[in-house]
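Reader: I would like a close look at the salt bridges in this structure, with enough of the surroundings to place them. Could you go through them slowly, giving the cut-offs behind each term as you go?

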Amino acid sequence: MTGSLSPRPRVLVMLGGIPLHGQERGNIQVFAALQESGVEARFVTHKAYGHESVQPMLDRLGLDWTVGTYPGLLSRGMGPRAWARRLREIIAANWDFWRAGRQFRPTHIHACNEGHLLVLLPAVRALRVPVVFRLGDEPRQHRPLFRAIWRRLLIPTVSEFVCISEFVRGRLLAAGAPPERVRVIRSAPPKRPAGGLGGALGGSAGTSGGSEALAAAAADPFAGRTVVYMGQLAEHKGVGVLVEVARALVRERDDVRFLIAGD
């Protein structure tokens, strides 16, 4: 037998988020699913705050993690001392991520946050492995600086983009990404843990009132279709469009209802 088998994928996951919002949960669920296919992953979580929510969820799912520094971005409004402190943090962040990569020896790097990838670009490029970016929101393009960052820094660094919708894919192509490096893989509903709806809610999104409303709806023997939105109640999330569609549909038919919960 000639040739050699392809190595099992080993993915170093950049996950510096603090609360368990959609970005964090979605990307953790990706690797919970890939784990069943033999993919090895190690999450680089926030050194100071990862223990609050992210690391416990990774532990529950049997996913490996380490810690690293995740500083904020530089800003024109910062004073000289703040600039110096932030630059030291950026250097520490790149050292932490590079060291995590040297220890884990990944075949790929997974990113999901443009700010984190931008800050860690030196370490990412030093590791010299393909970068996959899972894009859950449209790239920020409302300022010339952001457009330049995407076109000149982020897009050239990423080997392949995975968008969660055709809408996000279209916005990424408009930002300058080549079509052959962009694909769409829609998010699957998360597995409901033991304990039913209350366990699935986990208190992570919305108020207790919202959770109670969803629990009551689950117990209501409604025969039609139920559309649930859980997340930020913000215009940039498209909630306004959802409300417009919901109002139009419920006026026309009585076999559909919409439940919206979030901060």
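Author: **Salt bridges and their surroundings**

The protein chain's secondary structure comes to 10 helices and 9 strands, where helices (H or I, at least four residues) and strands (E, at least two) are DSSP runs numbered from the N terminus. This is a predicted model, in which local features need pLDDT of at least 70 and side-chain atom pairs count only at pLDDT 80 or more, while totals for chains, interfaces and linings use all residues. Residues are numbered from 1 along each chain as its sequence is written, and side-chain values use heavy atoms, with hydrogens and water left out.

Side chains of opposite charge can pair when their charged atoms come close. A salt bridge here is a side-chain nitrogen of Lys or Arg within 4 Å of a carboxyl oxygen of Asp or Glu, and by this rule the count comes to 10 salt bridges. Among them is the pair of Glu 40 and Arg 8, whose closest N and O atoms are 3.4 Å apart. Because Glu 40 lies in strand β2 (residues 40-46) and Arg 8 in the segment before β1 (10-14), this pair ties together parts that are 32 residues apart in sequence. Glu 40 also meets Arg 10 in a salt bridge, at 2.8 Å from N to O. That second pair again links distant parts of the chain, with Glu 40 in strand β2 and Arg 10 in strand β1, 30 residues apart. Arg 8, Arg 10 and Glu 40 are thus linked in a network of salt bridges.

How accessible are the members of this network? Buried means under 20% relative accessible area, exposed over 50%, and partly exposed in between (1.4 Å probe, protein chains only). Glu 40, at 28% relative accessibility, counts as partly exposed, and Arg 10, at 23%, counts as partly exposed too. Another salt bridge, that of Asp 255 with Arg 253, has its closest N and O atoms 2.8 Å apart; Asp 255 is partly exposed at 30%, and Arg 253 is partly exposed at 45%.

For the setting of these pairs, it helps to turn to the interior. Buried residues make up 37% of the 263 residues in the protein chain. A nonpolar core is a set of buried Ala, Val, Leu, Ile, Met, Phe, Trp, Tyr and Cys residues joined through side-chain atoms within 4.5 Å. The largest such core has 34 residues, of which Met 14, Phe 97, Ile 109, Leu 117 and Phe 161 touch the most other members. A second, separate core of 14 residues includes Leu 15, Ile 28, Ala 41 and Cys 112. Contact means heavy atoms within 4.5 Å, and Phe 97, leaving aside its neighbours within four places in sequence, is in contact with Leu 12, Met 14, Val 44, Ile 109, Leu 120, Ala 123, Val 124 and Leu 127. Across the protein chain, residues 24 or more positions apart account for 60% of the contacts with a separation of 6 or more.

Some other charged residues can be placed against this background. Glu 114 is in helix α4 and is buried, with a relative accessible area of 19%. Not counting residues up to four places away in sequence, Glu 114 touches Phe 133, Arg 140, Trp 150 and Leu 154. Arg 105, by contrast, counts as exposed at 56% relative accessibility; Arg 105 sits in the loop between α3 and β4 (108-111), and its phi is near 55 degrees, a positive value in a residue other than glycine. Arg 128 lies in the loop between α5 (121-127) and β5 (131-135), has a phi near 60 degrees, also positive in a residue other than glycine, and counts as exposed at 74%.

One loop residue outside the charged set is Ile 164, located between β6 (160-163) and α7 (166-174) and partly exposed at 24% relative accessibility. Leaving aside neighbours within four places in sequence, Ile 164 is in contact with Arg 134, Leu 135, Gly 136, Val 184, Ile 185, Arg 186 and Ser 187. The C-alpha atoms of Ile 164 and Asp 137, 27 residues apart along the chain, are separated by 8.2 Å.
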